[in-house]
Amino acid sequence: MRVVIAGGHGKIALRLERLLAARGDEPVGLVRDPDHVDDVRAAGAEPVLCDLEQTRPEQLAEILIGAGAVVFAAGAGPGSGAARKETVDHRGSVLLADAAERAGVRRFIQISTIGAGAPPAPGSDEVWVAYINAKTAAEEDLRARPNLNWTILRPGRLTDDKGTGLVTLADVPLAQHDPVPRDDVAAVVAGLIDTPETRHRVLEVVGGGTPIPLAIRILLFR
């Protein structure tokens, strides 16, 4: 399957590209910076230069034609201000969803964050407020698109620890916002791509004790 990943040089995206390439899929990583092309290629993905803050939906749709799924893994990243949280984390997701609809690609995985969908805590830093609001707006836009088989994944606090293959995955808000390795988030995304039965669900994931394939299968019986 051809899988197009927005934010193709991100820490989760590079891990996902390696997983997909290793199992015989055809990952495509969208990157803004030409200096990131070699890293994406080394991960086993086809790099495509595409600036989500400058590209029009019809241009992006041409890249998506023939894909079986798209993944929104983009983000303005640490050190960026409130304005770029809006243009990347929110509008970038809207752009990808618009392009997916134009290209007829129905499977859409959005990587969001635990905390989205609710107002930021009083007294939160201005940039954090902008980040949560942008992620919430991106989720709301996607949830209003019944023609896309979307799944929203909200990870807990991300770490670079080695993945365990064990998670807690739930379609209800988790009481504890525990950490989760990026390795395991990438593995969950790979599993969700293959499980369209999880469409139109908002999932939260943190480190836990359930093997990832089993955690996804359990969701199908809820």
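## Talking through a predicted model

Modeller: Let's begin with one residue: Ala22 has its place in helix α1. Keep in mind that this is a predicted model.

Biologist: Happy to start there. Is Ala22 buried or exposed?

Modeller: A residue counts as exposed when its relative accessible area is over 50%. The relative accessibility of Ala22 is 71%, so Ala22 is exposed.

Biologist: And what distance separates the C-alpha atoms of Ala22 and Ala43?

Modeller: Along the chain, Ala22 and Ala43 are 21 residues apart. In space, the distance between their C-alpha atoms is 9.5 Å.

Biologist: Let's turn to the sheet. Which strands stand at its edges?

Modeller: The sheet is open and has 9 strands, in the order β3-β2-β1-β4-β5-β7-β11-β9-β12, with mixed pairing. A strand with a single partner has one side left without a neighbour in the sheet, and that is the case for β3 (46–49) and β12 (210–211).

Biologist: How do β4 and β5 pair, and which residue in β5 is the bridge partner of Phe72?

Modeller: Strand β4 (residues 69–72) and strand β5 (residues 107–111) run parallel and are joined by 4 bridges. For Phe72, the bridge partner in β5 is Gln110.

Biologist: Now β11, please. In which sense, parallel or antiparallel, does β9 run with β11?

Modeller: On one pairing, β7 and β11 are parallel over 5 bridges, with Ile152 bridged to Val202 in β11. With β9 there are 4 bridges, and Val167 stands opposite Gly207 in β11. The sense of the β9 and β11 pairing is antiparallel.

Biologist: How many of the residues of β11 are buried?

Modeller: Strand β11 has 7 residues and is mostly covered. Glu204, in strand β11, counts as buried at 5% relative accessibility. For the strand, the number of buried residues is 6.

Biologist: Glu204 is charged, so I'm curious: which residue does Glu204 meet in a salt bridge?

Modeller: Side chains of opposite charge can pair when their charged atoms come close. Here the N to O distance is 3.3 Å. The partner lies in strand β7 (residues 149–155) and Glu204 in strand β11 (residues 201–207), so the pair ties together parts that are 50 residues apart in sequence. That partner is buried too, with a relative accessible area of 8%, and its name is Arg154.

Biologist: What about Asp160: which residue does Asp160 pair with in a salt bridge?

Modeller: The closest N and O atoms of this pair are 3.5 Å apart. Asp160 sits in the loop between β8 and β9 (166–170), and its partner is in helix α1, 145 residues apart, so distant parts of the chain are linked. Asp160 is partly exposed at 46% relative accessibility, while its partner is buried at 19%. The partner is Arg15.

Biologist: Which residues are linked with Arg15 in a network of salt bridges?

Modeller: The structure holds 17 salt bridges, and some join into a network around the pair we just discussed. Besides Arg15, its members are Lys11, Asp160, Arg182 and Asp183.

Biologist: Which helix holds the salt bridge of Asp38 and Arg41?

Modeller: The side chains of Asp38 and Arg41 meet at 3.5 Å, N to O. Asp38 is exposed, with a relative accessible area of 55%, and Arg41 is partly exposed at 48%. The two residues are 3 apart, about one turn, in helix α2 (residues 37–42).

Biologist: On to α6. How far apart are its end C-alpha atoms?

Modeller: Helix α6 (residues 182–193) has 12 residues, which should span 16 Å at 1.5 Å a residue. The distance in the model agrees with that, at 17 Å.

Biologist: How many residues of α6 are buried?

Modeller: Among the buried residues are Arg182, Val185, Leu192 and Ile193. The helix is largely enclosed by the rest of the structure, because the buried residues number 10 of the 12.

Biologist: Last topic, the largest pocket. Which residues are closest to its centre?

Modeller: About 1,200 Å³ of space lies in this pocket. Of its 41 lining residues, the closest to the centre are Ala73, Ala74, Gly75, Ala76 and Gly77.

Biologist: And how many charged residues are in that lining?

Modeller: Elements that each supply at least two lining residues include α1 (11–22), α4 (82–103) and α5 (126–143). By class, the lining has 18 nonpolar and 11 polar residues, and the charged ones number 12.

Conventions:
Residues numbered from 1 in each chain as written. Predicted model: local features only at pLDDT ≥ 70, side-chain atom pairs only at ≥ 80, totals over all residues. Heavy atoms only, no water. 1 Å grid on protein atoms, 1.4 Å probe; cavity = no way out; pocket = protein on both sides within 12 Å on 5 of 7 lines; lining within 4 Å. Points joined across faces, edges and corners; volume = space filled by probe spheres on them. Nonpolar A, V, L, I, M, F, W, Y, C, P; charged D, E, K, R; others polar. Salt bridge = Lys/Arg side-chain N within 4 Å of Asp/Glu carboxyl O. Buried < 20%, exposed > 50% of the residue type's maximum accessible area, 1.4 Å probe, protein only. Expected span 1.5 Å × (residues − 1). Pairing = 2+ DSSP bridges.
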